[in-house]
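Here is a short briefing to read with the structure open beside you. Let's walk through it topic by topic.

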Amino acid sequence: MPQLNLILLGPPGAGKGTQAERLVDDFDLPYYATGDILRAAVKEESELGRKANEYMDRGDLVPDEVIIEVVVDRIDQTEAEDGFLLDGFPRNVEQAEALDGELKRLGRELTAALLIEAADDEVIRRLSGRRVCVKNSHLYHVDFDPPKREGVCDQDGSKLIQRDDDHPDTVKHRLEVYREQTSPLADLYDARGMLRRFDGARPTTEVHDHIRATLAVLRRESEL
Ligand code: ADP
Ligand code: ADP
């Protein structure tokens with residue numbers, strides 16, 4: 001069985017989580033979204049949550065050693081043997097190197113980096129209307145993808161909330177952090193022939209069709 005070891009890249013609001021919800025169903029992959037993992041830890045008031053909280057509130061990256069341990073732990077599990085979809089990691093060059101090192105240790109390598117691109121004004125519109133369900137982090141948008149009943153998740157009936165860091169000032173800062181620390185990763189993976197670009201400004205179903213088709217080809221290629 002060929003592996004699909006995948007990462008999702010792109011600015012906050014590009015649609016990574018939205019696409020991931022669909023791709024994990026298509027390809028039956030375990031999905032690790034570092035933002036979701038950290039938010040759950042903050043809610044539980046675990047040690048991880050205490051370490052991450054202040055950075056997340058500001059829209060800064062949490063320290064590398066904190067998040068690297070979380071990810072290494074996940075991809076080492078049996079459920080991730082045939083592949084995984086990472087969302088929100090790596091976020092800088094150090095994290096990318098840590099991921100390479102861990103995969104090497106496991107005798108594996110990354111299959112592709114999926115970059116979902118979208119302009120600043122579009123992601124600002126998206127983040128200001130984003131709503132997330134408290135139970136399973138299902139995603140909605142008040143205008144672009146509203147739930148059937150206002151404030152209630154279609155899939156599990158839980159409450160929809162706005163993330164604290166989706167307020168305009170924090171969003172601007174998160175975009176700066178993305179530009180400075182995360183966007184250089186696109187060149188890094190491109191140089192290795194692993195980057196696949198997708199136009200995140202297209203409607204959700206179109207972006208999904210493109211990514212799914214690309215992954216189907218990658219899986220077939222790795223079977224040869
Ligand atoms: P990310 O995980 O990259 O931060 P999300 O998947 O959470 O982005 O999407 C951000 C917001 O934009 C959500 O409210 C989502 O419903 C909406 N959204 C996602 N993809 C699209 C799209 N292609 N067109 C319009 N809105 C979208
Ligand atoms: P978005 O979906 O909008 O791209 P995330 O949910 O991925 O945002 O991340 C939310 C916050 O969690 C980030 O602003 C950061 O504080 C923290 N975070 C998530 N992943 C990482 C990471 N790999 N390294 C450092 N901080 C992270």
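In this predicted model, strands β2 (residues 31-33) and β3 pair in the parallel sense, with 3 bridges between them. Strand β1 (residues 4-9) also pairs with β3 in the parallel sense, over 5 bridges. From there, the tour goes on to the two ligands, a pocket and a few backbone details.

**Strand β3 and its partners**

- On the β2 side, Tyr31 stands opposite Leu85 of β3.
- On the β1 side, Ile7 has Leu86 in β3 as its bridge partner.
- Is β3 (residues 83-87) mostly covered or mostly open? It is mostly covered, as 5 of its 5 residues are buried.
- In a regular strand, side chains alternate between the two faces of the sheet.
- In β3, Gly83, Leu85 and Asp87 point one way, while Phe84 and Leu86 point the other way, and all of them are buried.

**Around ligand 1**

- Ligand 1 has 18 residues around it, and those that come nearest are Gly13, Lys16, Thr18, Arg130 and Tyr140.
- A polar backbone atom of Gly13 lies 2.8 Å from an oxygen atom of ligand 1.
- For Ala14, a backbone N or O atom is 3.3 Å from an oxygen atom of ligand 1.
- A side-chain contact comes from Arg126, where an N or O atom lies 3.4 Å from a nitrogen atom of ligand 1.

**Around ligand 2**

- Which of the 19 residues around ligand 2 come nearest? They are Thr34, Asp60, Gly88, Gln95 and Arg174.
- Arg174 places a polar side-chain atom 2.4 Å from an oxygen atom of ligand 2.
- Arg130, listed above among the residues that come nearest to ligand 1, has a polar side-chain atom 3.1 Å from an oxygen atom of ligand 2.
- In the side chain of Arg163, an N or O atom is 3.3 Å from an oxygen atom of ligand 2.

**The second largest pocket**

- Rolling a probe the size of a water molecule over the atoms shows where empty space is left.
- The second largest pocket holds about 540 Å³ of space.
- Its lining is made up of 19 residues, and Arg39, Ala40, Lys43, Ile161 and Arg163 lie nearest the centre.
- Arg163 therefore appears twice in this briefing: in the lining of this pocket and in a side-chain contact with ligand 2.
- At least two lining residues come from each of α2 (34-44), α3 (47-58) and β5 (130-133).
- Which element gives the largest share of the lining of this pocket? That is α2, with 6 residues.
- Sorted by class, the lining has 9 charged, 7 nonpolar and 3 polar residues.

**Backbone details in the loops**

- The peptide bond from Phe89 to Pro90 is cis, with omega near -5 degrees.
- Pro90 sits in the loop between β3 and α5 (93-105).
- Asp28, in the loop between α1 (16-27) and β2, has a positive phi near 55 degrees although the residue is not glycine.
- Is Asp28 buried or exposed? With a relative accessible area of 69%, Asp28 is exposed, because the cut-off for exposed is over 50%.
- Glu45, in the loop between α2 and α3, is another non-glycine residue with positive phi, near 60 degrees.
- Glu45 counts as exposed too, at 60% relative accessibility.

Terms used: Residues numbered from 1 in each chain as written. Chains lettered and ligands numbered in written order. Predicted model: local features only at pLDDT ≥ 70, side-chain atom pairs only at ≥ 80, totals over all residues. Heavy atoms only, no water. 1 Å grid on protein atoms, 1.4 Å probe; cavity = no way out; pocket = protein on both sides within 12 Å on 5 of 7 lines; lining within 4 Å. Points joined across faces, edges and corners; volume = space filled by probe spheres on them. Helix = DSSP H or I, 4+ residues; strand = E, 2+ residues; numbered from the N terminus. Nonpolar A, V, L, I, M, F, W, Y, C, P; charged D, E, K, R; others polar. Buried < 20%, exposed > 50% of the residue type's maximum accessible area, 1.4 Å probe, protein only. Pairing = 2+ DSSP bridges. Near = heavy atom within 4 Å. Polar contact = N/O pair within 3.5 Å; in protein donor to acceptor, adjacent residues only side chain to side chain.
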